[in-house]
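Ready to practise reading a protein model? Work through each exercise with the structure open beside you.

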Amino acid sequence: MLQRRWKMHSEGLRCFFKTFFLFFCLRSTSAAMFETETHVSCLFPEILAIIFSYLEVKDKGRAAQVCAAWRDASYHKSVWRGVEAKLHLRRANPSLFPSLQTRGVKKVQILSLRRSLSYVIQGMPHIESLNLCGCFNLTDNGLCHAFVQDIPSLRVLNLSLCKQISDSSLGRIAQYLKNLEVLELGGCSNITNTGLLLVAWGLHRLRSLNLRSCRHVSDVGIGHLAGMTRSAAEGCLALEKLTLQDCQKLTDLSLKHVSKGLGRLKVLNLSFCGGISDAGMIHLSHMTHLCSLNLRSCDNISDTGVMHLAMGSLRLSGLDVSFCDKIGDQSLAHIAQGLDRLKSLSLCSCHVSDDGINRMVRQMHELRTLNIGQCVRITDKGLELIADHLGQLTGIDLYGCTKITKRGLERITRLPCLKVLNLGLWQMTDSERLR
């Protein structure tokens with residue numbers, strides 16, 4: 001007991017010193033207010049609350065243990081604005097949710113779920129964000145018992161890796177969570193096209209949807225989302241971010257649906273989708289709102305696909321074609337001609353060389369991040385071209401570029417804006433070490 005009290009006391013002292021430092025920083029801007037008295041106990045509760053709002057979450061809780069005045073100030077809702085409570089729900093705690101509501105906490109992450117989900121929903125009726133990622137024991141039955149009436153405040157729901165969740169749960173979500181804007185379903189491998197039909201029917205305000213590794217989803221499901229089956233569902237036409245990573249049943253027809261129905265889309269992740277090809281890029285090339293496109297490890301994307309993207313009306317700021325074996329120097333020429341607004345370009349393990357770098361760098365005035373790791377044909381000549389023409393770079397990945405030497409690296413490290421340099425497997429030769 002004494003050890004516990006001493007631990008609480010020491011943590012409180014540490015928090016006190018952090019707060020006292022913030023107090024003096026605040027005092028320096030308003031010295032006249034504290035001419036006669038500078039003790040922290042003289043601060044108004046509102047001032048203490050402002051100071052506490054800058055503390056880390058664990059220190060906010062420790063501040064509440066120092067004294068009654070600090071406890072009252074630390075419970076002010078402004079102190080906890082935007083904070084996500086991370087909870088282990090193992091046994092009943094009657095004071096837990098009333099305490100969170102008093103502080104104005106509306107975002108919750110459940111780290112382990114040993115109790116009913118309805119316990120959370122009933123305890124926080126005005127919840128805005130619920131993160132259940134990795135709660136493997138959550139079932140359709142448990143979710144359906146929790147969502148039994150409208151929850152208009154809930155905007156974000158994360159069910160990633162809840163592997164027992166199926167279409168049945170999506171039906172309940174579509175019925176009662178009409179204001180949902182973000183839905184994470186990554187790794188929910190029991191979701192099918194029927195579930196997406198339910199989402200398209202009920203969640204018209206959805207802005208972000210993650211379907212990573214939903215292996216049963218096919219072109220039909222994407223058609224539902226894009227409003228291709230208006231007689232059954234209006235679709236999620238407000239979507240701005242769609243993650244379809246590792247959805248192996250998708251083909252170019254899905255991209256046709258996306259281009260026709262999801263015109264507001266800004267971010268599209270198609271990484272590891274082996275069924276899409278160069279022809280599908282024609283559909284995407286006219287999506288004028290699209291800012292970021294991820295084609296990482298799409299084995300059927302080649303220089304021709306990049307040509308289609310470059311010839312359209314895209315205004316991409318981010319493109320990832322890493323590990324696309326059919327991407328080579330010709331793609332860099334296409335990028336320079338039609339995708340010169342890129343700020344981030346990833347070409348890791350692509351078959352590009354110094355010649356491709358030479359054909360690209362003079363046009364890429366907005367490029368900030370360049371990832372060319374494992375591009376084993378890049379030499380010091382390529383690095384010199386980058387250093388001469390891409391002076392605005394803030395980050396470059398050279399992991400596994402085995403043909404570069406100290407000479408090329410010296411040129412890169414002189415880039416005036418460079419903040420991130422990843423070398424990884426690069427090693428100096430014996431002759432370089434002797435210099």
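**Exercise 1.** Is Phe97 buried or exposed?

*Solution.* Start with the cut-offs: buried means under 20% relative accessible area, exposed means over 50%, and partly exposed is in between (1.4 Å probe, protein chains only). Phe97 has 5% relative accessibility, so it counts as buried. Try Tyr119 too: at 18% relative accessibility, Tyr119 also counts as buried.

A quick note on the source: this is a predicted model, where local features need pLDDT of at least 70 and side-chain atom pairs count only at pLDDT 80 or more, while totals for chains, interfaces and linings use all residues. Residues are numbered from 1 along each chain as its sequence is written, and side-chain values use heavy atoms, leaving out hydrogens and water.

**Exercise 2.** Find the aromatic pairs and describe how the rings sit.

*Solution.* Step one: searching the whole structure turns up one aromatic pair. Step two: the ring centres of Phe97 and Tyr119 are 5.1 Å apart and the planes are at 70°, so this pair is edge-to-face. The rules here are that rings of Phe, Tyr and Trp (its six-membered ring) pair if their centres lie within 6.5 Å, with planes under 30 degrees apart counted as stacked, over 60 as edge-to-face and the rest as tilted. Step three: Phe97 belongs to helix α5 (residues 96–103) and Tyr119 to helix α6 (residues 117–123), so the pair ties together parts 22 residues apart in sequence. Helices (H or I, at least four residues) and strands (E, at least two) are DSSP runs, numbered from the N terminus.

**Exercise 3.** How many residues of helix α8 are buried, and what covers them?

*Solution.* Count first: seven of the 10 residues in α8 (residues 167–176) are buried, which leaves the helix mostly covered. Now name them: Asp167, Ser169, Leu170, Gly171, Ile173, Ala174 and Tyr176. Finally, look around: the cover includes α7 (140–146), β4 (156–158), β5 (182–184) and α9 (193–202), using contact in the sense of heavy atoms within 4.5 Å.

**Exercise 4.** Which sign does phi have at Leu161 and Gln374?

*Solution.* Here's the background: most residues other than glycine have a negative phi. Leu161 has a positive phi, near 65°, and Gln374 has a positive phi near 65° as well. Next, place them: Leu161 is in the loop between β4 and α8, and Gln374 is in the loop between β12 (369–371) and α16. Last, check accessibility: Leu161 is partly exposed at 28%, and Gln374 is partly exposed at 33%.
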